[in-house]
Amino acid sequence: MKFSTIGVIGAGTMGVSVTADLLLHDMDVVLIDVSEDRLKEARAEIIKTLRFAPMLAKHVKAVSEVTVLERVTFSTHLDDVRNCEFIVENVTEEWTIKEHVYKALDLICDSDICFGMNTSCTSITQAGSVVSRPERIVGVHFMNPVFLKPTVEVIRGFHTSNETLQALETLLRQMGKESIVVNDYPGFVSNRISHLFMNEAAYVVQDQVANPQQIDAIFKKCYGHTMGPLETADLIGLDTVMRSIDVLYESYHDSKFRCCPLLRKMVLAGNLGRKSGKGFYDYAHQAN
Ligand SMILES: NC(=O)c1ccc[n+]([C@@H]2O[C@H](COP(=O)([O-])OP(=O)(O)OC[C@H]3O[C@@H](n4cnc5c(N)ncnc54)[C@H](O)[C@@H]3O)[C@@H](O)[C@H]2O)c1
């Protein structure tokens with residue numbers, strides 16, 4: 001089996017990144033968002049990603065602007081994914097929003113179509129509870145930028161079937177990726193651990209123990225990480241990080257997941273990281 005048309009729901013940071021990588025691997029995409037403006041921005045961001053990708057990774061081929069225009073259907077109508085062979089959902093990390101999308105997808109798509117949930121922390125089993133096909137929902141935790149990441153954390157929900165895992169593995173193989181399959185608890189492996197780092201790093205800034213540059217430098221130069229926790233938070237988007245920590249707190253009722261007030265204040269002030277031009281760092285003068 002080979003996939004040729006994928007439905008991507010949500011054209012934000014991850015929807016753009018996933019779409020660009022699907023195009024790099026010769027698949028067509030139907031990209032859905034609620035906002036026309038966002039879709040216009042997404043189109044420009046996909047073109048930009050494809051333009052820079054071959055410079056950043058040797059294995060990546062050049063894909064022209066014409067390809068984007070021909071191979072992606074940009075739409076605000078969820079119905080347009082009805083003929084897609086697999087769905088990758090990347091909407092905002094808020095359960096009420098995701099719940100609405102899954103209930104609608106369940107009515108639109110044929111009963112044999114699988115839904116890959118790209119979420120930071122939300123339980124895959126929870127999404128399965130609102131559809132008639134819980135065995136066809138699987139977590140696919142892509143990381144940004146998707147074309148640079150060879151491995152994907154895959155999450156098996158309570159009802160996820162082996163056939164669904166196989167379908168996702170086929171898609172990921174077509175994208176040149178491997179998977180690591182883990183079980184379903186909010187945050188899975190990656191974000192249950194990494195969001196504690198990012199949240200605590202925000203507390204360290206709030207408590208004036210150190211500034212963001214110093215904190216990230218300690219992680220990079222002492223621990224040998226490629227990126228520090230605050231650079232990572234800025235790349236993900238501070239709004240997404242905040243919502244994910246809130247999901248972890250609501251899920252586990254454990255105070256270790258309480259969101260840092262400084263992080264929440266930055267989000268309320270519109271400092272969302274790279275995507276808004278300012279977060280823990282200032283990106284106003286940088287080419288993204
Ligand atoms: N940012 C990351 O690095 C990252 C990494 C892995 C997973 N995720 C997860 O991926 C998902 C998306 O994250 P993001 O960073 O792209 O968020 P984002 O805020 O950048 O984008 C979300 C998009 O969803 C759209 N949207 C909202 N409601 C919708 C609906 N009903 N139908 C269609 N589109 C809708 C919004 O308009 C927005 O464009 C989240 O669940 C997040 O936790 C994010």
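This is a short tour of a predicted model, moving from its two domains to their interface and then to a cavity.

Begin by selecting residues 5-183 of the protein chain and colouring them as domain 1, then give a second colour to residues 192-276, which the domain assignment lists as domain 2. With both domains coloured, you can place a centre on the C-alpha atoms of each, and these centres lie 25 Å apart.

Next, turn to the place where the two domains touch, where eight residues of domain 1 are in contact with eight residues of domain 2. Between them the domains bury about 680 Å², and 61% of this area is on carbon and sulfur atoms. On the domain 1 side, select Thr13, Glu93 and Cys121, since these residues lose the most area to domain 2 and together make up 57% of what that side buries.

Now show the side chains of Arg243 and Glu94, which meet in a salt bridge with an N to O distance of 3.0 Å. Across the interface of domain 1 and domain 2, one salt bridge is found, and the count of residue pairs in polar contact between the two domains is likewise one. The residues on the side of domain 1 that touches domain 2 divide into five polar, two charged and one nonpolar.

For the last stop, select Ile124, Thr125, Gly128, Pro134 and Ile137 together with Gly157, Phe158, His159 and Thr160, the residues that line the largest cavity. This cavity has a volume of about 40 Å³, and the count of cavities of 30 Å³ or more comes to one.

Key
Residues numbered from 1 in each chain as written. Predicted model: local features only at pLDDT ≥ 70, side-chain atom pairs only at ≥ 80, totals over all residues. Heavy atoms only, no water. Domains from an automatic or database assignment. Contact = heavy atoms within 4.5 Å. Buried area = accessible area lost by both parts, 1.4 Å probe. Salt bridge = Lys/Arg side-chain N within 4 Å of Asp/Glu carboxyl O. Polar contact = N/O pair within 3.5 Å; in protein donor to acceptor, adjacent residues only side chain to side chain. Nonpolar A, V, L, I, M, F, W, Y, C, P; charged D, E, K, R; others polar. 1 Å grid on protein atoms, 1.4 Å probe; cavity = no way out; pocket = protein on both sides within 12 Å on 5 of 7 lines; lining within 4 Å. Points joined across faces, edges and corners; volume = space filled by probe spheres on them.
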